[in-house]
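Reader: I'd like a close look at one part of this assembly. Could you walk me through how one pair of chains meets?

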Amino acid sequence: MKQIAPPLYGLLAEFDTPNELVRAARATYAAGYRRIDAFTPFPIEELSEAIGFAQNKLALIVLIGGILGGLFGFGLQYWASAITYPINVGGRPTNSWPAFIPITFEMTVLFAALAAVLGMLALNGLPQPYHPAFNVPRFALASNDRFFLMIAKADPLFTHQGTHEFLKSLNPREVSDIDE
Amino acid sequence: MQQKKDRMNDEVGPIQFGSGNGFSLPVLGQDTPTTPESPDPIAAGSRDAASSEVLAFQKSVEGKSGKQYWRSIDEWAGTPEFEAYVKREYPSQVEVIVDPFSRRRFLQLMGASLALAGFSSCAYQPKEELLPYVRQPEEIVAGKPLYFATAMPMSGGAAPLLVRSNEGRPTKIEGNPEHPATLGGTDIFSQASILGLYDPERSQAVTYTGEIHSWSSFIGEIRVALGVEKSNGGQGLRILTEPVISPTLGKQIMDLLKLYPNATWYQYESAASDGAFQAAQEVFGEPVRPIYHFEKADRILSLDADFLASHPKNLRYIKDYTKKRNPEAGNTPNRLYAVETTATATGGNSDHRIPMKPSEVEMFARGVAAAIGVGAAAEVPEAFSLMIEEVAKDLKAHRGSSLVIAGDEQPAAVHALAYAMNGALGNAGSTVVFTKPLEVNPVAQLNGLRELVADMQQRKVTTLIILGGNPVYAAPADLNFAGALESVQLRIYHGLYNDETSSYCHWHVPEAHYLETWSDTRAYDGTISIVQPLIAPLYQGKSKHEVLAAIIDQSDHTSYEIVRAYWKSQGALNTEASWRQAVHDGFLKESALPAGGLTAKQTSGLLTNVTPQQQPASNTFEVNFRLDPTIHDGQFANNGWLQELPKTMTKLTWDNAAFFSPRDARNLRLENSMGSSGGDFEVDVVELELAGRKIKAPAWILPGQPDGVVTLHLGYGRTRAGHVGTATGFNANLIRNTGTPWNATGLIVRSTAERYVMAQTQTHHSMEGWNLVHETTFDEYREHPDYIHEEEPPTPRDLSLFPNWPYNGYAWGLAIDLNSCVGCSACTVACQSENNIPVVGKEQVMMSREMHWIRIDRYFTGSGDNPNGSVFQPVPCMHCENAPCEVVCPVGATVHSAEGTNDMVYNRCVGTRYCSNNCPYKVRRFNFLLFNDWTSASLKLLRNPEVTVRSRGIMEKCTYCIQRIQNAKIESEKENRLVRDGEIVTACQSACPADAITFGNINDPNSKVAKLKASKRNYSLLDDLNTRPRTTYLSVLRNPNPALKPTKTENA
Amino acid sequence: MSQIFHHSTNTLARVTIFGTLFIIVGALFAIAEFNRSNYITHAFVAREQPVQFSHKHHVGDVGLDCRYCHTSVEKAASAGIPPTRVCMNCHSQIWKDSPYLEPVRASFRTGKPIRWTKVHDLPDFVYFNHSIHVSKGVGCSTCHGRVDQMPLMMQVSPLQMEWCLDCHRNPEKVLRPKSEIFNMAWTVPSDQAERGKRLAKEYNIQSKAVLESCSTCHR
Amino acid sequence: MAEREPMMAEKVVPPIMEPGYTFATVTDKISSIVLTHKTPRGWYIGFGISFALFMMFLYAVSVLFVRGIGVWGVNIPVGWGFAIVNFVWWIGIGHAGTLISAILLLLKQDWRTSINRFAEAMTLFAVACAGVYPLLHLGRPWLAYWLFPYPNTMSVWPQFRSPLIWDVFAVSTYAIVSLMFWFVGLIPDLATLRDRATGRVQKVIYGLLAMGWRGSAKHWSRYETMYLLLAGLATPLVVSVHTVVSFDFAISILPGWHTTIFPPYFVAGAIYSGFAMVMTLAIPIRKFYHLEGFITMRHLQNMSKVMLAMGLVVAYGYGMEIFMGLLYSGNPHEHFQTVNRITGPYGIFYAALILCNILTPQLMWMRRTRNSVWALFVISIIVNIGMWLERFVIVVSSLSRDFLPSSWGMYAGTRYDWMTFVGSIGLFLTLLFLFLRFLPTISIFEVRAMLPAAAIKEKH
C-alpha cells in the first residue's frame, strides 16, 4: 500500500452469485449510471444488456476480412497462371478457374478467422496487462467464483460518497475503492 | 545424319590430314579448354565439369601411372582409414565395403552425403576458372561437336561407327549410314563401348607378376626371351589370339611366323562356330561363309538361328528382314518359321515359333530336307510331321526366294543340310551368297585349342603370347586351360583388363581401346573398315599392332605407321587420296569380298549318314549354352550399362540363370516368387551336373522354353572382371566341354535348399486382356485396314470441356513401328549414353528404381506355358498433349513447351514424385539416391555436355533429346529456314537397326512421321485416357501359314 | 491481488505486437532485395586476372573487333576464349618484354593454359547460345555493357532468370541492325518501339510462347 | 468407480458432470493439475518414453536428409509410401478436435465442454505431425519453400492446379485457425491461472499470455460473438481440409484414386479416426488425473455413438467403391483395380482394415460395450490401426498396379519408414504431455458456466 492516497479510478462491489450481480447491474443502470462494467468468471448473457452494452461491429469486420481473403486468393492465382507467366500445363487453359476454387476458399476462411480474432482483441482493447481493477486484492476472485460490479469515477453521477452508499444499498459482500 | 557427314567433310576432312601422319589427336591433360564444375548439385559433371576432369587426369597422367591415381578411389576402399571412416560415417554400411559387389552402391551413398555440402548454397556461384587452348586446333570450335568415322572390331565382323567428339572427348557412338554392314544401325555393344573406354578399371600399366614396369623394360625383357626362341626357329613359341579379321594384324602375324618358322598360331573365342566352318569345308571344299539376303526372301526357315538378336553381323539382317515386313514399304511380307531351342527374339518375332530340343533340330532339318529332296530320308518325331510337311511345301513354292539359315551353335550336319537345301531350292546366288571368310586364316578353333593345351601339358611350350581374349575364363572346362598354362615358362598377356588370364601370366600389357588406336578390320560382306582413334590412350594402352611390332623388332613403329604401311602396299589404298577418303568415310567403298552362289556336294557324308541319336539317360535334361544377350562372352562384364540392360526375353539384369520351361519347373517344384520391394524375385538354386562337373545356378522359369531343355548363358561368373562385373551370375564355362560346346545331353538337375534373389525390370508378362499392343495378320489387315479403330473407336478431340490448346509452328512427335521392333534394346543404351543416365546397381533394380528413359516392354502372346510369340514395345515418354503429370506438379517443374514437348525442368523439381504416380505409362524415373557416379573422374569425361547431369531427389524422363532439337533449331534459325525433316534424329532413332523409330514435325504433312501417323496401323497407347500422346505406335502384323493353326492374335 | 505489471506494459504490449509484424514484413522485403543485390549476382564486381588484361585498352583504344579474340561468337554456343597464340600474334612484336605479359609468354612456352577467372558464369543447367543471339540482332553491349570502357572485365547484368525472361518476353526493345551488333557505342534510338518490331519480323524472332518455354534454355 | 458406472448406466443416462461441484471446486480441481508444485512420477515416465521415441524420429529424419529419399521403400511405380499414408492418417486424427469444439458448439451439445480443450490440443499436435511428412517426402526438402507463392528472381510461381498446392494452403490455414481457436479459448483460463499462481514467474508468464483478461461483461459479449463466428468458420474449413487431402488422390487418373466418393468418405474417415483417438487419449487421462467427474461415461458413450455412425458412413464408402468398380463404371482398369485391392498382393491388408473399421466397431451397438471403459479403449485403438491400414491400401494398391502390366511393382516400408512413423507418434505424445503439465486440460470457464449455480433466475 502507498503513503499518499493515489487518485481514485472507481468503485468495485463484490457479489456472491451471478443472480445478485445481474440484479445489481440492472439497478445501477436504472439509477442512471452509465460508465459501469461487470466482471465475472464466465460469460453471462444477461449482463451485457443489463449494463446497457450492445455491440455488432465484429460480424461486419469478419465479413470484410472474408471477402478480401477470397479476392486475394483468386487474384493471386489468376495473375500468376494467366497473366505474368502463362504456361501450357497439361493442355489446360491458363485460367483454369475451377482448379483455383479450393485455394480461394481457404484464403477466405483464413482472412475471416484472422479478422475475427484480431477484431475481438482490438475492440476489447487487449492486450492490457495493467488495469486499475487489479489493484483491488480480492479482484483475483473475478476469475474464480466471485462477481464484481464497477462504477467508474468518470461517470457524471459519480461521487465517492454517494456512489459508495448506492452500491452498499445493493447489499454486496463488500465495496472497495479502485486506485488509478 | 546428313548434317554430320557435311560437318565431317568441311571440317574434319582437310584438317585431319593437314600434317602428314602427325594426326592432331586430342591428348588429355594438355591444353584442353575447360571451365571447372560448379558445386551446383544438378550441374556438376555436366558439360563444364566433364572437361574440368581433364585436369584431374593431367595430374594423374603426368609421371605417375594411372594405377596409383586410381588408388584414391578403389584401393582406398580397402584401407583401415577407409573402414574407420565408414564406421564413423555409415555404421549401417560397414558390411557393404567388405562385399565388393555392393561397394559401387556404397560409393554412391557416400557421394550422396558429400554432395550435401553443395546443397547449402544453390544460387550462389563460387569463383570458376576458364582455361583456353594455348594453340587451338583449327577444326575445334569450342562447344561444337565433331564426328569421326571408325569401326568397332567384333567377332564375326566389325561394327562401323561415327563417333561424336566434344572438345576431344568421344562422348557418343552413332551408326555409319553409308556402311553396307549396318546402313546406320548400331547395337548395344558398340553403344556401350564408349563406357568401356572410360572404365576406370581398365588395366593401366605394364606389369610383370603384378609389379608395374615400363613399356621399354617389357620390350627389353621379351627380346631376351625371344632371342632364345629364335635359336630353334621358335618351336617353343605359341601365339593365341582371337580370330584375326584385321588384314594388317594378319600380315604382322605372318611376318612373325616367318621369323619363327616353327612357332604356331592358334585362334579361339567363346563364340567359335566350328560347325559352320567344318560344314563349309565338307560340302564346298573351302571355308566359305554365307551371307543372307533377307530383303529377297519370301519364306524363311531358321534352324535355331537367332539372326534378329543384337550383334554386328546381324544388324543388316534386322534391317532387311523388318523392311520386307513393312506394309508401308509395299513389299510382299515374308514368312518366318523359327525353330528354336530356347526363347529368342527371332522366335518372338516369327510367324511360326517351333520350340524343340537341340537334339531334335537335326531330325527336323533332315525331315524338311528329305521333303525337299535333299540328303537321306530320316524318320521324324510325330509331333513335327505336319509342320515339316507344310514348311517344305511353303519353301518349295518359293524356289529362289526362300531361305534356310542354320544357327552358329548348330553342328556341322545342320549347316550342311541348310546349305544343301538352299542349293536345292535355287536360293544359292539369290537369297544366299557365299564369300571367303572375314578371318585372315579361319580355323577349327576348338581343335586348335585342344592341341595347344596338349602341347602345354607336355611342356612343349616355352613362350606363350596371348593377344586379347580371356582364355583362362572362356576355355571349356574339360581342357583345364589354366592348369596347363602354369607349365609354360614365359606367359605374356595383352588385354584390356587385368583379368583371370592376366593373373596367370607373367607379363601383362594393357591393350588400347579401339577408340584409342589405329587399326583396320572387315565387316559383314568383307568391306574393309578403318579403325580411327578418337583420343590418345587414356592410360598406357598399346594396340595389338604395337605389341606384335615389338615382338618382331619394330618396336618404334606406331599403330598408324603399321596400318598405313600395310595399306600402302595394297592396291586399293596406296594413294594418299584414297586413304584419306577411306578414313573419312570409315571404310573402303566396293571392298566387299567377292560373293557368289555355291551348290553343296550332295554326296557329303554330313548329308547322307544320319548322326546316330544317343539315347540320353532318363530324367536328364538337354542343355544349350548361349552367349549372354547383354554381356556377350564376358568381355563386357564390367560394363554397367550392359549389366543393367534388361535381357531381351527375360528382362533380368545383373545375372544369368538356368532357364527351365514352366512344365519342367512344376515337375521339379521350382518356384520364382515375387518379392515385396518391386523388382526382386526369389528363385530356387539348382545344382547342374554335366559329365561329372557341377555348378550351382538360379533356376528361372521362362515361358517358351522347350520342355526338357536347360539354357545357360556364358559370360557371367567372372572372378576378376572389376567391381561392376565380378561375382555377378555364375560361370557356365565350368561345365562346358570342347566336344559339345553349344548343345549337350545328359544334364543332371538337382534341386537345393538355397534360394537366390534376382533383379527383374518387368515382373508381369501378360497384357491382362488390355489392347496395349495391337496385333493381327497381314491378311486381316488387308481386309479391314481400320481394324484397330473399328474395335476401339479413338477418343474424339472435342471431348474436353476446355478448348484444345493450339500448336502452331513445330509440333514434335514420335512414331514407333512395333512391327519392326525386334527388341534388341540398342535404343535403351543409346539413350543412356546420350542423356547421361546413371547405372543404379542390382539392389536398386531390385527396388524397382532403374533409370532407363526408354524401356522395352515384352509381352508373351498366346498361352502362358508355350506362347506363340512375343511382342516388343519400346516405351519412352509419350509427351501427352493433355499430360497428367504436368497438372499435378506443385512447382511447375514439368510443363509443356510451345512445340508440344513435355519439358522436365530438373532445376525446378523438388521431388514430390506425384508426376510419376499420375503417369499412366510410368515412364518417369526418379533419383532416389545420388545415382550419378561423382567419384570416378574418368566417367565425367564420358558425359554429354549438352545434357544436365541430374542429382539426388530429382525426377527425369525422356525429353525427345531436346538438346538435339534445340541445336538443330538454332542452326536453322541462323540460316533463316525451317528445320528440315530428318534433320533432328533422336538417340534412340539413330541407334535403331530396324528403323522402327521415327521423329519429326507432325504439323508438316510431308514429314515422315506425319505420314506414319496417318497410317491405319497407327494408334496411341491407352487412348481412352484422352492423354493425346505425341508418341504413337504402329501395330504388329504377322504372316502365319493358313494351313497351320493360325497364331492367336488376341493376347492371353 | 497486487498489480503484476506496470502501467507502461499496456503500451509496450501493443507496440511489440505491431512492431514484430512490421519487422517481419520488412525482413521479407530486405531478403528479396538482397537476392537481387550485386553481392549475389556478382554484377559490377571486378575480378582480378592472372594477366592484367584491359578490354578498355584493346577494344576502346586499339579498337579491336570482338571477333578477333572471341572467334566462335557467331558460330557456337560459347563465344570462345582466345588461345594464347592469339595474344602472341601481336605480343611477339609489341610489349614483347613487358613483365605484365610474362604469364602469356610462359603459357606459350610451356603449353600450359592461362587460368583466367570466369566473369559471366551461368548455372550449369542453363544453356545459353551466343551465336543465335548475335545472329538475331542482340548486340554484345546489351548484356555485357560498355566493355570498351572496362579496364577490368566485370559483369553488368544480374544474369538472373527474371532478367533473361524480361528480354525473351519482349525482345523488340533491344534488337539492333546487323551492322550494329558489335558496336559498343550503340544506344537505343527513340523510335526503338517500331524499329524493334520491324527488326523482329525481319529476323523471324520466335514467338513469345517459344522463347518463354522452359526447354529453350533448360535441357 | 469402475464397477459403479455400468450399474448406474443401466438405469439412467449418466450426467455430463458429477453433482456437488461449485465454482471454486471446479477451478481448484482443474487448475491444481497445472499449478501443483510436484509433478507426478507417472508424468515423467510417460514423457520420458515419448521423448525417446521423438529422438528416434529425429535420427531417422537425419539419415533421410543425409542419404536421400532412397532410404525409404518408395520406388517407381509406388512413388508414395508411408509418408503420405501417415500424413493423411494424422490429418484425419486432427479433425475430431475442431469438430468437437466447433460443430458440437454450433449444435449446442454442451457435453463437448469438458473434452473440447484437449481435443483441440490434440488437433494442433496431430496437424504438427502431419505437417512434417509433406516436407520429409520431398526429394529435395531444402527447396520446400518453392511451394509458397513469393516474388522470386526466377519469376516463376507455384502451379496452382496441383492438389499438392491446395494441400499447402489448406493445411497451413487449418493449422493457423486451429491454433487461434485453441488459444482464444485458453485466454480466460490463463487469467484464472494468473490470478491463482503463487510464483512470480508463473504469474508473469500466465499474465502475459492472458493479455490482461479480466472477465469484463463487454469483453465476454464480444468474446462470445467471436467464438461463435470462429466456430462457424472452422466447420466448413475442417470439412474442406480433408476434402482437399482426398483430392491428392481423386484429382489423379489412377484407377482406385480417381473417384468422386473420396471427399465425403475421407471426411467421414477423418472424424471416425479423430474420435477414436480422442477416446484413446481421454480414457487414460481421466483415470490418471481423476477427472472422471468431468469426463463421465456420458462423454464416452456419446463419442462411441458418433464413432458408430461415422464407421457406417465409411462402410458405405467402401461399398460404393466396390459398386462403382465392379458393377457401374464399366471401366476395365477400375474393375481390375477393385478386384486387385481385395484379392491382389495387398488383399490381406484390405481384409484387416474391413475387420478393424467395419466389423469390430459394430460391437458398440451393445450398451454393455458402450458402458465398458476397457472395451471402448480397445476398440478405439483398433479403429486407429484400421484407419492407418485404409490409407495404406488406398495409396499402395492403386500405385503398385496401374495401367501397364509391364510397370507393375510392389512396395514395402524400410526400417527408416517405420522409425519415422513410430517416431512421429513420439512427437505427438511429447507435445501432449507438455500440454497436460502446463495448461488446463479442461476448459474451466465453460465448466463453471454449466454449473447449476450459473443459471440466471429471472424474477421481476
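Author: Here is a walk through the interface of chain D and chain B, with a short look at another contact and a surface patch afterwards. Keep in mind that this is a predicted model.

Let's start with how much of each chain takes part. On the chain D side, 61 residues are in contact with chain B, and chain B brings 65 residues of its own to the meeting. Together the two chains bury about 5,100 Å² between them, and carbon and sulfur atoms give 60% of that. If you want somewhere to point the viewer, try Arg67(D), Ile76(D) and Arg140(D): these supply 16% of the area that chain D buries against chain B, more than any other three residues.

Now for the polar side of things. Across this interface there is 1 salt bridge. Asp402(D) makes a salt bridge with Lys922(B), and their closest N and O atoms sit 2.8 Å apart. Polar contacts add to the picture, with 35 residue pairs found across the interface of chain D and chain B, both partners at pLDDT 80 or more.

Which parts of chain D do the touching? Five stretches each supply at least two residues of the side facing chain B: helix 3 (41-67), helix 6 (163-196), helix 8 (217-250), helix 11 (332-343) and helix 15 (415-438). Helix 3 of chain D gives the most, with 4 residues. Sort the chain D residues that touch chain B by kind and you get 39 nonpolar, 15 polar and 7 charged.

For another view, turn to chain C and chain A. That contact takes 15 residues from chain C and 16 residues from chain A. The area buried between these two is about 1,400 Å², with 54% given by carbon and sulfur atoms. The count of salt bridges between chain C and chain A is 0, while residue pairs in polar contact, both at pLDDT 80 or more, number 7. On the chain C side, helix 1 (9-35) and helix 9 (161-169) each supply at least two of the touching residues, and helix 1 of chain C gives the most, with 5 residues. The chain C residues that touch chain A split into 6 nonpolar, 6 polar and 3 charged.

One last stop, on the surface of chain A. Leu60(A), Leu63(A), Ile64(A), Ile67(A), Leu68(A) and Leu71(A) make a nonpolar surface patch of about 600 Å². To find the patch, look for Leu63(A) in helix 3 (residues 57-84) of chain A.

Key
Residues numbered from 1 in each chain as written. Chains lettered and ligands numbered in written order. Predicted model: local features only at pLDDT ≥ 70, side-chain atom pairs only at ≥ 80, totals over all residues. Heavy atoms only, no water. Contact = heavy atoms within 4.5 Å. Buried area = accessible area lost by both parts, 1.4 Å probe. Salt bridge = Lys/Arg side-chain N within 4 Å of Asp/Glu carboxyl O. Polar contact = N/O pair within 3.5 Å; in protein donor to acceptor, adjacent residues only side chain to side chain. Nonpolar A, V, L, I, M, F, W, Y, C, P; charged D, E, K, R; others polar. Patch = residues over 30% accessible without salt bridge, like charges linked within 9 Å, V, L, I, M, F, W, Y side chains within 5 Å. Areas by Shrake-Rupley, 256 points an atom, 1.4 Å probe, with all protein chains shown as cover.
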